[in-house]
Amino acid sequence: MTEKKKMLFIYNPRAGKAKIRSNLLDIIDIFTKAGYEVTAYPTQMKGDGIQAVKERRFGFYDIIVCSGGDGTLDEVVSGMMQCDRKIPIGYVPAGSTNDFANSLHIPRDMIRAAEAIIEGKTFNCDIGGFNDDFFVYIAAFGLFTDVSYETPQDIKNVLGHMAYILEGMRRLPGVRSCRMKVESDELTVEAEFLFGMITNSTSVGGFKRITGKYVQLDDGEFEVVLIKKPASPMELNLVMAALINRNVNTDCMYCFKTSFLKITSGEEVAWTLDGEFGGRHKEVEIRNLKQALAIRVPES
């Protein structure tokens, strides 16, 4: 008798209106019918995904599947990167925005996403190194970046990505900029910045193509957008209009691609990694780990 393949299925029971509850049995049934022996692990608190990957006899499994928002995926990938052995990851999105799933054309429907893990292919995509940490698709600072991890889960569940926008707009009167030096092979600049994002995604905050039309997730390069402090309220309006219209190349911004950059500042700056708090830092080094993540995606 052929030995069954083994799967660790990590899921966030609260993500995205707790959608996993009504789909859990069907999802496990799909995996079982495909010949997997499934070990299910519901996360209980922040950081559980990392520990589940690192501690639950990682070498014992053939694949790890996670279900939740981008933060859950970030934890599972971070745990994987801290292990010697790398195995494929499957993703069943259940969060409020699911930016990375959108970029990979993973279905929003949870059942179809589970089927794509079984019937699809493995895609080797880039991920980011952030000092000693990792991120899947975005590292950011400044305007809006603390919204995702400070917005209550219940509000995210009801409003989806609109929750981020509404909360961010509420904060506009108190926006602060920070003087930072950005160094890379492509650009070195020192200025007062309002916002910055280093991404490997075609969707950010639910908005598609905000970083450009020609984003590739396996080319070894990030898309970088840095917004300078506006000199006037009118200039701030131009910045907001440019972002909404996906036209990021204006006199108020720097936009470029790079595989590595170093950012330093005189004061500690709060960062977000995949929508979760990434700590406060005076100096960060961000590097592209080309094709470091093997993830299951639809065949076409």
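A search of the whole structure, which is a predicted model, identifies 5 salt bridges. Three of these pairs are described below, followed by the packing of two helices.

One of the salt bridges is formed between Glu276 and Lys46, whose closest N and O atoms lie 3.7 Å apart. This pair connects distant parts of the chain, since Glu276 belongs to strand β15 (residues 276-297), whereas Lys46 is found in the loop between β2 (36-42) and α3 (48-55), and the two partners are separated by 230 residues. With a relative accessible area of 25%, Glu276 is classed as partly exposed, while Lys46, at 59% relative accessibility, counts as exposed because the threshold for that class is over 50%.

A further salt bridge joins Arg179 to Glu190, and here the closest N and O atoms are 3.7 Å apart. Arg179 is located in strand β8 (residues 178-183) and Glu190 in strand β9 (residues 188-199), so that the interaction ties together parts of the chain that are 11 residues apart in sequence. Both partners are partly exposed, the relative accessible area being 43% for Arg179 and 48% for Glu190.

The side chains of Glu223 and Lys257 likewise meet in a salt bridge, with an N to O distance of 2.4 Å. Glu223 lies in strand β12 (residues 222-228) and Lys257 in strand β13 (residues 253-258), and the pair thereby links distant parts of the chain, 34 residues apart. The two partners fall into separate accessibility classes: Glu223 has a relative accessible area of 4% and is therefore buried, the limit for that class being under 20%, whereas Lys257, with a relative accessible area of 32%, is partly exposed.

Helix α3, which follows the loop that holds Lys46, packs with helix α4 (residues 70-81) at an angle of about 35°, the axes of the two helices being 7 Å apart. The crossing in which α3 passes α4 is right-handed. On the α3 side the contact is made by Asp48, Gly49, Ile50, Val53 and Lys54, and these residues meet Glu75, Val76, Ser78, Gly79 and Met80 of α4. In terms of residue character, the contact of α3 with α4 is mixed, comprising 4 nonpolar, 3 polar and 3 charged residues.

Methods: Residues are numbered from 1 along each chain as its sequence is written. This is a predicted model: local features need pLDDT of at least 70, side-chain atom pairs count only at pLDDT 80 or more; totals for chains, interfaces and linings use all residues. Side-chain values use heavy atoms; hydrogens and water are left out. A salt bridge is a side-chain nitrogen of Lys or Arg within 4 Å of a carboxyl oxygen of Asp or Glu. Helices (H or I, at least four residues) and strands (E, at least two) are DSSP runs, numbered from the N terminus. Buried means under 20% relative accessible area, exposed over 50%, partly exposed in between (1.4 Å probe, protein chains only). Axes are lines fitted to C-alpha atoms, for helices over the stretch in contact, and angles run from 0 to 180 degrees between N-to-C directions. A crossing is left-handed if the near helix is turned anticlockwise from the far one by less than a right angle, and right-handed if clockwise. Contact means heavy atoms within 4.5 Å. Ala, Val, Leu, Ile, Met, Phe, Trp, Tyr, Cys and Pro count as nonpolar, Asp, Glu, Lys and Arg as charged, and the others, Gly among them, as polar.
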